[in-house]
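Please work through the following exercises on the structure shown below. Each task is followed by a solution in steps.

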Amino acid sequence: MLLHPKELSQNGRSFTEEDIGETRLFPQFRMDLRKFSEKEYNRFVTVNTVRDWSQLSWKQVGRPYEVRAQSNERRSWEQEQNREMDPHTAWTFFNKAFHEWFVKDVPSELDHSKKQFIKSLGSLKPAEIKHALGDVVRIQLWNYVHRIQDGIWDPRGKRALFEGLSLHKPKILFLGAAEGYEAMQLAAIYPRAHIVMVDYDEYCKTTRFAEFPGYYPFLGENPATGQPKVVYKDELNVDYIVDDIRNLDFGKDFDVVLSVGLLEHFPDAYKPEVCDWHRKFLKSGGYAILTTPRNQIRSRLYYKIMADVMNHTYRELMTVEQMGLYLYENGFDIKRHGYIKVHNGIVCQPR
Ligand SMILES: C[S@@+](CC[C@H](N)C(=O)[O-])C[C@H]1O[C@@H](n2cnc3c(N)ncnc32)[C@H](O)[C@@H]1O
């Protein structure tokens, strides 16, 4: 279950406009209502390194890096079933494993894992010591990446990527929504948005999204005044559909089609289809917004150390140039591209 820090009120509205500019560390995550100045901008998002996408070739940019380390859960499932795990099953394992980390009380788990490690030394059994040390390393890494750095949710980076678009009461479609974080951040910035989240893993609706903390403050905008406002999950207009993206039968109804960590899970043969998912439900003038994990040494290390949590599915790490080239070749004009802490981000429109 999600913790409810004692100092926060139970009604889930613990922060007000007076807290804007503040950041605080909770046992499970960081709350970050800091804005940043134009000067600081490059610390959070580095944008628009490519001037003319038509001049870029695969020879110049190279191919994405494929993460090969797989979770133990996947390996034993495949041995037992004597077949390759299908993507839908793989996602159900992933979502469960990932959610278990978001709800950890990190400081107390850090403490516990260190004690267990010291205890294991007394056993003089190398396997036990190795296992206990692995637990210490993983929780330390999670603490740093998710809690200290806030690299997974990265609200400042995401706001920098989303801001300044021509959107008024937008209809937002979030493909592969999981807990829905980015659509909520986007909707906080563009008031009176209607979000449609889609994920074929029911657990995402019933647990990942349902248990996303109601007291988490999103920095958004007050529609009445245009001034910054603290926005909570229950103030947002969200429909959550549990279905395969391939079954959706919307028309061109959406101002934004969003995905976060979807494209990189499909080998090249499927990428045109995935790009098409981002185009077919967009209104004319609408934006497709995508992010994918960056190919950087620390990310490669993260996916190796956290393999049991993260690696149930096919996964690539790519550069923003590679990501942009997939989208450009599949009929999108790139409007904004860059990278934030651990992801690349692109805002694009169908050509
Ligand atoms: C890597 S996750 C997105 C990352 C997310 N921000 C998180 O925290 O887990 C991708 C999501 O897409 C969903 N998904 C993948 N293929 C899908 C499909 N064909 N239809 C619907 N959902 C899909 C998975 O169930 C998973 O929850």
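**Exercise 1.** Determine how many residues surround the ligand and which are the closest.

*Solution.* A residue counts as near the ligand if its C-beta atom, placed from the backbone, lies within 6 Å of it. The ligand is surrounded by 17 residues. The closest are Trp91, Gly176, Ala178, Tyr200 and Gly261. This is a predicted model, in which local features need pLDDT of at least 70 and side-chain atom pairs count only at pLDDT 80 or more, while totals for chains, interfaces and linings use all residues. Residues are numbered from 1 along each chain as its sequence is written.

**Exercise 2.** State which classes of residue form the shell around the ligand.

*Solution.* Ala, Val, Leu, Ile, Met, Phe, Trp, Tyr, Cys and Pro count as nonpolar, Asp, Glu, Lys and Arg as charged, and the others, Gly among them, as polar. By these classes, the shell has nine nonpolar, three polar and five charged residues.

**Exercise 3.** Explain where the ligand lies with respect to the domains.

*Solution.* First, an automatic or database domain assignment sets the bounds: the chain is divided into domain 1 (17–63 + 154–350) and domain 2 (86–148). Next, both domains give residues to the shell around the ligand, so the ligand lies between them.

**Exercise 4.** Describe the contact between the two domains.

*Solution.* Two residues are in contact if their C-beta atoms, placed from the backbone, lie within 7 Å. In domain 1, 18 residues are in contact with 25 residues of domain 2. By class, the side of domain 1 that touches domain 2 has eleven nonpolar, four polar and three charged residues.
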